[in-house]
Amino acid sequence: MTSTYRPNESKREEFRRYLEKGGVVDAITRALVALYEEAEKPNNATEFVRRFMGASGPDSAEIETLKTEIMAMREKLDDLVRENETLKEKLQKYENGERGQ
């Protein structure tokens, strides 16, 4: 049983050394220490760590706001497309009426 466990253990150790060498362990530790030292804990700890580690891009609240805005803009687009079609029909009727006179 220990013979099958050993290779796993060496892979884990190799992976741990890889993370340490790449500075990942230090970066995560610094982020967690900063979170621990925050006087007012953020509602979203994951978002805090992402931002601390330099992740760019919108946070969850911004994403939700943008999704809502996109939905509203799509509705507005649909309304404008319908209005455009109606106006095209009216214009076509008007132009046909002008030619008939």
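**Exercise 1. Find the distant contacts of Glu47.**
Which residues does Glu47 touch, not counting residues up to four places away in sequence?

*Solution.* Start by placing the residue in this predicted model: Glu47 lies in helix H3. Next, look around Glu47 and leave out the sequence neighbours up to four places away; Pro58, Asp59 and Ser60 are the residues it touches. Finally, check the exposure. Glu47 has a relative accessible area of 11%, and the limit for buried is under 20%, so Glu47 counts as buried.

**Exercise 2. Take apart the nonpolar core.**
Which residues make up the largest nonpolar core, and which elements give two or more residues to it?

*Solution.* First, pick out the members: Ala31, Ala34, Leu35, Phe48 and Val49, 5 residues in total. Second, assign them to elements. Helix H2 (24–37) and helix H3 (45–52) each supply two or more residues to this core, and the largest share, 3 residues, belongs to H2. Third, follow one member, Phe48. Leaving aside residues up to four places away in sequence, Phe48 touches Ala31, Ala34 and Leu35, and also Glu38 and Pro42.

**Exercise 3. Turn to the surface.**
Which residues form a nonpolar patch on the surface, and which helix gives the most to it?

*Solution.* The patch consists of Val24, Ile28, Leu32, Phe52 and Met53, which together have about 420 Å² of accessible area. H2 gives the most, with 3 residues. Take Val24 as a case to study: Val24 is found in helix H2. With a relative accessible area of 32%, Val24 is partly exposed.

**Exercise 4. Work through the salt bridges.**
How many salt bridges does the count come to, and what separates the partners Arg16 and Glu20 in helix H1?

*Solution.* The count comes to 8 salt bridges. Let us visit three of them in turn.

- Step one, Arg16 with Glu20: the closest N and O atoms of this salt bridge are 2.6 Å apart. The two residues are 4 apart in helix H1, so about one helical turn separates them. Both ends are partly exposed, Arg16 at 35% relative accessible area and Glu20 at 40%. This pair also belongs to a network of salt bridges that links Glu13, Arg16, Arg17 and Glu20.
- Step two, Glu62 with Arg51: their side chains meet in a salt bridge at 3.3 Å, N to O. Glu62 sits in helix H4 (residues 60–100) and Arg51 in helix H3, so the pair ties together parts that are 11 residues apart in sequence. Glu62 is partly exposed at 38% relative accessibility, and Arg51 is partly exposed at 40%.
- Step three, Glu64 with Lys67: here the closest N and O atoms are 3.8 Å apart. Being 3 residues apart in helix H4, these partners are separated by about one helical turn.

**Exercise 5. Step back and look at distances.**
How far apart in space are Phe15 and Tyr94, C-alpha to C-alpha?

*Solution.* Begin with Phe15, which has its place in helix H1 (residues 2–21) and is partly exposed, with a relative accessible area of 49%. Then go to Tyr94: the two residues are 79 apart in sequence and 75 Å apart in space, C-alpha to C-alpha. For a second distance, use the record. An unreviewed UniProt entry annotates residues 63–97 as "coiled-coil region". In the model, the chain over residues 63–97 is 100% helix and 0% strand, with its end C-alpha atoms 51 Å apart.

Notes. Residues numbered from 1 in each chain as written. Predicted model: local features only at pLDDT ≥ 70, side-chain atom pairs only at ≥ 80, totals over all residues. Heavy atoms only, no water. Core = buried A, V, L, I, M, F, W, Y, C linked by side-chain atoms within 4.5 Å. Buried < 20%, exposed > 50% of the residue type's maximum accessible area, 1.4 Å probe, protein only. Contact = heavy atoms within 4.5 Å. UniProt positions renumbered as here; feature names shortened; annotations may be inferred. Patch = residues over 30% accessible without salt bridge, like charges linked within 9 Å, V, L, I, M, F, W, Y side chains within 5 Å. Areas by Shrake-Rupley, 256 points an atom, 1.4 Å probe, with all protein chains shown as cover. Salt bridge = Lys/Arg side-chain N within 4 Å of Asp/Glu carboxyl O.
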